[in-house]
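Trainee: I should like to work through this structure with you. May we take the confidence, a helix, the aromatic rings and the core in turn?

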Amino acid sequence: MADKVGRNEACRCGSGRKYKHCCLRKGVHDPFAKGGAAVSRPASPRVDEPAFVPFRRTLRGAAFTPAAAAAVSRGGAIPGLELHPWIVAQLRERTGIGPGGRPPAWTISRVRAMDTAALEATLARLGVPVDRGTFAEAAEEHLSAWDLSVEWTPVAGADAELLGLVACELWRRWLPDFPSLEMVDERMQDGYDALDRADARGACTIWLEVWGLLLDILPEARSSTELDEGFAAGLNRIGNWVGDVSIELLNLVREEPKLARRARDVYCAAAERLGDVHVRQDLAELHYSLGEAGAGEAVLEALIRDDPDDLAGYARLSDHLGWPSHGGYTDVPRAIALLELALARPVREPVRWDLPKRLADLRERRGVD
């Protein structure tokens, strides 16, 4: 059996990231467990499958394989999931597959190529005489452009899809300062596209913008779950996207202090509003990366107080005290005491966080058997 991978070593899944920022954060204790490597990107799809977005793109927790994307594009359903029409439109745009396996009659890119006069003429043909003023007034009552279109006129089939696509495009042109859910979703996908080009900095820059947009357009959301419920038109589940942002962002912040400062401010706002545990953990790491050890410690101490049976706060604070890597101070006795306190409690996921090994390493460092 291969030697155990260290938390600060390169992850053996081949992602190029540190283990603590990769498979460990995903709950994969050993990337080579049971003889199967956990990979961040799978092998290319079979040549007879339609090309589609990378595997990490997810919808409501279920990865869209090329076969699943094609099935949904043809008009199929995923059991237990109700797909927003914009999501289906996104899939048809990427697969080139429409109802019944034929090319889609209308796509996002085809509608986007039309000039505004042609879009207005299309609405008139479908019985919707809408101008910019009435559109803006109606948009005040909606977050989704597609949902707005459903109220215009009772049409079905390709006409209904066309109506939704036109509404999304007109919102993008007429109300650029008040993004719809569809526009936010496209920006989120722009981040993934940047990542596909190996531009992690560009992806994180876009995603920090997306964080701000989500908080602005969904002001009543008080948790990541509520944010996800409000983001009904999103191709990605919010929780999975937050994890993707974290992995890329925390790998960059040491070399990108300007980006780290911007991220810290965004995550401060997100943590204050949502109270999400993972967002607060990432906020602590951002503070430490900027040399703000006291602020990072305060965030982790608050996590321990709020949920004393969650091992994450103990483990992260112990790591920073016992093995400071961002210019923080060392306090090995306190790091040990934190883990001993956690060990005395019914903490969750002790195996994942490798509590006994962490404690043994710290005791060895202090010179205690």
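The questions and answers below follow that order.

Trainee: What is the mean pLDDT of the protein?
Mentor: This is a predicted model, in which local features need pLDDT of at least 70, side-chain atom pairs count only at pLDDT 80 or more, and totals for chains, interfaces and linings use all residues. Residues are numbered from 1 along each chain as its sequence is written, and side-chain values use heavy atoms, with hydrogens and water left out. The pLDDT is the predictor's confidence in each residue, from 0 to 100. In this protein 81% of the residues reach 70 or more, and the mean is 83.

Trainee: Why do the buried residues of α1 lie on the same side of the helix?
Mentor: Helices (H or I, at least four residues) are DSSP runs, numbered from the N terminus, and buried means under 20% relative accessible area (1.4 Å probe, protein chains only). In α1, residues 66–74, the buried residues are Pro66, Ala69, Ala70, Val72 and Ser73. They are on the same side of α1 because they cover an arc, taken from the directions from the helix axis to the C-beta atoms, of only 165°.

Trainee: Is the pair of Trp211 and Tyr267 stacked or edge-to-face?
Mentor: Rings of Phe, Tyr and Trp (its six-membered ring) pair if their centres lie within 6.5 Å; planes under 30 degrees apart count as stacked, over 60 as edge-to-face and the rest as tilted. Both Trp211 and Tyr267 are buried. Trp211 lies in helix α9 (residues 200–217) and Tyr267 in helix α12 (residues 257–274), so the pair ties together parts 56 residues apart in sequence. Their ring centres are 5.8 Å apart and their planes at 65°, so the pair is edge-to-face.

Trainee: Which helix gives the most to the largest nonpolar core?
Mentor: A nonpolar core is a set of buried Ala, Val, Leu, Ile, Met, Phe, Trp, Tyr and Cys residues joined through side-chain atoms within 4.5 Å. The largest one has 93 residues, and those touching the most other members include Trp211, Trp241 and Tyr267. With twelve residues, the helix that gives the most to this core is α9.

Trainee: Which residues are included in the second, separate core?
Mentor: In soluble globular proteins, nonpolar side chains tend to be buried together. The second core has eight residues, and among them are Leu83, Ile87, Leu91 and Leu235.

Terms used: Buried < 20%, exposed > 50% of the residue type's maximum accessible area, 1.4 Å probe, protein only. Helix = DSSP H or I, 4+ residues; strand = E, 2+ residues; numbered from the N terminus.
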